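Work through the exercises below with the sequence and the model side by side. Try each task before you read its solution.

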Amino acid sequence: MKIKFFFAALFLLDFFSCFHAYPQYPLPDTEDAKFIEDCVRAHNTFRSKVNPPASNMFRMSWDAALAKTAKAWAKKCKFNHNTYLEVPGKMHPTFRFVGENIWTGTAHIFSVDAALRSCFNEVSSYDFSTNTCTDMCGHYTQVVWAESYKVGCAVHFCNTVENFPGLFKAAHFVCDYGPAGNYPRKPYKEGQPCSRCSNEKCVDKLCGKTKVIMPPVPSYVPPAEHPQPSCDQYCLSVLILRPLFLVLSAGAVLLVQQQFPHTFF
């Protein structure tokens, strides 16, 4: 009887370890209204704060197709840019080229504002007068690229992130921009805010409409999106090691029973 209880306890321990090995943190989806609002608001807030001021900075609004592309790439859990960025027309059904920013950090501390602030803070490494960087500043210049007027972001929980060693239980945050920025010139034209807005309304030092119209989720399928395996690398290792663990445990029990026949009855 004792040996039956032992195997039952062993099975339950193994069963629950599989489900609780990597608890996931709740992260918003690309259709979450607050997430969308936070992404758009944060981008426009930072764009309105550029110094020197911008005369031609567009107000950003959400793009569902860009968000879908960002989500497809975020699910890869790779700390690299989308491999299709350089392929014309591959990243979006309308924009020929798309820009991209990636932020990765611990899932339980993730917030849209903090992630985008880290991008904007690269301004400390950027010299507008010479259009040069003393350190990384490409995330900043894309955030404040004047002609980029559409944005779509996504965040995905990753147990680990490729090319980001030492980070576990991560929030992998990707934002895609249309049209793309970061060409070899300054990100915007200096001058009185909105002075180059043409007929667009000036709102918070940005050119564009105040009301953001939410387009329906398009049928567009990003090239990076394909059926994802239901098991990641950690899960696969559990599936491989678990049978071995059970076999070794059973063998150990039988060995003990042979050596000490009166221990189990």
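Four exercises follow, on a sheet, a helix, a glycine and some charged pairs.

This is a predicted model, where local features need pLDDT of at least 70, side-chain atom pairs count only at pLDDT 80 or more, and totals for chains, interfaces and linings use all residues. Residues are numbered from 1 along each chain as its sequence is written, and side-chain values use heavy atoms, with hydrogens and water left out.

**Exercise 1. The sheet**

Find the order of the four strands in the open sheet, and say which stand at the edges.

Solution. Start with the terms. Helices (H or I, at least four residues) and strands (E, at least two) are DSSP runs, numbered from the N terminus. Two strands pair if DSSP finds at least two bridges between them.
- Step 1: read the order, which is β1-β5-β6-β2, with mixed pairing.
- Step 2: look at the ends. β1 and β2 each have a single partner strand, so one side of each has no neighbour in the sheet.
- Step 3: take one pair. β1 and β5 run parallel and are joined by two bridges. Here Trp 62 stands opposite Val 151 in β5.
- Step 4: add a helix. α2 packs on the sheet and touches β1, β5 and β6 (contact means heavy atoms within 4.5 Å). The direction of α2 makes about 120° with that of β5 (axes are lines fitted to C-alpha atoms, for helices over the stretch in contact; angles run from 0 to 180 degrees between N-to-C directions).
- Step 5: add another. α4 lies across β2 and β6, at about 65° to β6.

**Exercise 2. A helix inside**

Work out how many residues of helix α3 are buried, and what covers them.

Solution. Buried means under 20% relative accessible area, exposed over 50%, partly exposed in between (1.4 Å probe, protein chains only).
- Step 1: count. Helix α3 spans residues 64-74, and ten of its eleven residues are buried, so the rest of the structure largely encloses it.
- Step 2: name some. Among them are Leu 66, Lys 71 and Trp 73.
- Step 3: find the cover. It includes β1, β2, β5 and β6.
- Step 4: check the start of α3. A side-chain oxygen of Asp 63 comes within 3.1 Å of the backbone nitrogen of Ala 65.

**Exercise 3. One glycine**

Is Gly 152 buried or exposed?

Solution.
- Step 1: place Gly 152. It is in strand β5, residues 150-160.
- Step 2: read its area. Gly 152 has a relative accessible area of 0%, so it is buried.
- Step 3: list what it touches. Leaving out residues up to four places away in sequence, its contacts include Trp 62, Asp 63, Leu 66 and Val 174.
- Step 4: compare sequence and space. Gly 152 and Cys 39 are 113 residues apart in sequence, and 8.1 Å apart C-alpha to C-alpha.

**Exercise 4. Charged pairs**

Which residue forms a salt bridge with Arg 41, and which with Glu 147?

Solution. Side chains of opposite charge can pair when their charged atoms come close. A salt bridge is a side-chain nitrogen of Lys or Arg within 4 Å of a carboxyl oxygen of Asp or Glu.
- Step 1: count. The whole structure has five salt bridges.
- Step 2: take Arg 41. Its partner is Asp 113, with the closest N and O atoms 3.3 Å apart. The pair links helix α2 to helix α4, 72 residues apart.
- Step 3: widen the view. Lys 34, Asp 38, Arg 41 and Asp 113 form a network of salt bridges.
- Step 4: take Glu 147. Its partner is Arg 185, at 3.6 Å between the closest N and O atoms. Glu 147 is in the loop between α5 and β5 and Arg 185 in the loop between β6 and β7, so the pair ties together parts 38 residues apart in sequence.

Definitions and conventions: Polar contact = N/O pair within 3.5 Å; in protein donor to acceptor, adjacent residues only side chain to side chain.
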